[in-house]
Amino acid sequence: MRLDEEERAAIVKIRLQQSRETYAEIGILIDNKLWRFAANRLYYACYYAAQALMIQNGHQAKTHSGLVGLFGLHFVKTGKIKDDTASALQALFDLRLKGDYDVWVDVKPEMVLSLVEPAKNFIETIEKFILEN
């Protein structure tokens, strides 16, 4: 799908808003000890931010793993985004997959809580990168 600059900017803005709103849900889920759902929403908060970055730069992934791969290829391997920042996306992707699809995985509080700050940092880094480029 080819987007003109106006369409691209509108989608980037919407995805960043979705990222912020989704991240805002995390506190409610943590307060209610809904760890599996908190992990899911943390991932999606980062996913929306990464998707905004991809769209802004003319990349499109058809799957979640494709998005993670494209993000690594175009932004981590090129040094545009630091690997320690980007690792939050991969960690959350893995945790979300386990939490959503593996009935035997018990998403523990420490698993989620250890990723709250990295997710916030990831989102802020992506927003800053988008604004500067």
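Buried here means under 20% relative accessible area, exposed means over 50%, and partly exposed covers what falls in between, with a 1.4 Å probe and protein chains only. By that yardstick K108 is partly exposed, at a relative accessible area of 34%. The model is a predicted one, so local features need pLDDT of at least 70 and side-chain atom pairs count only at pLDDT 80 or more, while totals for chains, interfaces and linings use all residues. Residues are numbered from 1 along each chain as its sequence is written, and side-chain values use heavy atoms, with hydrogens and water left out.

K108 also turns up in the charge pairing. A salt bridge is taken as a side-chain nitrogen of Lys or Arg within 4 Å of a carboxyl oxygen of Asp or Glu, and a search of the whole structure gives five of them. One of these joins the side chains of K108 and D106, at 3.2 Å from N to O. Another links R96 to D100, where the closest N and O atoms are 3.3 Å apart. R96 and D100 sit four residues apart in helix α4, which puts about one helical turn between them. Helices, for the record, are DSSP runs of H or I with at least four residues, strands are runs of E with at least two, and numbering starts from the N terminus. The two partners differ in burial class: R96 counts as buried at 5% relative accessibility, whereas D100, at 33%, counts as partly exposed.

A further salt bridge brings the side chains of R8 and E5 together, at 3.8 Å from N to O. Both residues belong to helix α1 (residues 5-31) and are three residues apart, about one turn of the helix. R8 is buried, with a relative accessible area of 17%, but E5 is exposed, at 60%.

Next comes the packing of helices α3 and α4. The axes of α3 (residues 64-76) and α4 (residues 83-101) come within 11 Å and cross at roughly 170 degrees; axes are lines fitted to C-alpha atoms, for helices over the stretch in contact, and angles run from 0 to 180 degrees between N-to-C directions. The two helices are therefore roughly antiparallel to each other, a label for angles over 145 degrees, with under 35 called roughly parallel, 65 to 115 roughly perpendicular and the rest oblique. On the α3 side, H64, S65, V68, F71 and V76 make the contact, and they meet D83, A86, L89, Q90, F93 and R96 of α4. Contact means heavy atoms within 4.5 Å. The residues involved divide into six nonpolar, three polar and two charged, where Ala, Val, Leu, Ile, Met, Phe, Trp, Tyr, Cys and Pro count as nonpolar, Asp, Glu, Lys and Arg as charged, and the others, Gly among them, as polar.

Aromatic pairs come to nine in the structure. Rings of Phe, Tyr and Trp (its six-membered ring) pair if their centres lie within 6.5 Å, with planes under 30 degrees apart counted as stacked, over 60 as edge-to-face and the rest as tilted. F71 and F122 make a tilted pair, because their ring centres are 5.4 Å apart and their planes stand at 55 degrees. This pair links distant parts of the chain, with F71 in helix α3 and F122 in helix α5 (residues 109-132), 51 residues apart. Both F71 and F122 are buried. Elsewhere, Y43, Y44, Y47, Y48 and F93 form one aromatic cluster.

Y48 from that cluster also meets S19. S19 is found in helix α1 and counts as buried, at 0% relative accessibility. Not counting residues up to four places away in sequence, S19 touches A45, Y48, A49 and I123. The C-alpha atoms of S19 and Y48 are separated by 5.1 Å, although their positions lie 29 residues apart along the chain. Helix α2 (residues 35-56) holds Q51, which counts as buried at 13% relative accessibility and touches R15 and L67, not counting residues up to four places away in sequence.

K33 is found in the loop between α1 and α2. This residue has a positive phi of about 55 degrees although it is not a glycine, and K33 is exposed, with a relative accessible area of 60%. Over in helix α5, N121 is partly exposed at 36%. The C-alpha atoms of N121 and A86 are separated by 9.5 Å, the two residues being 35 residues apart along the chain.
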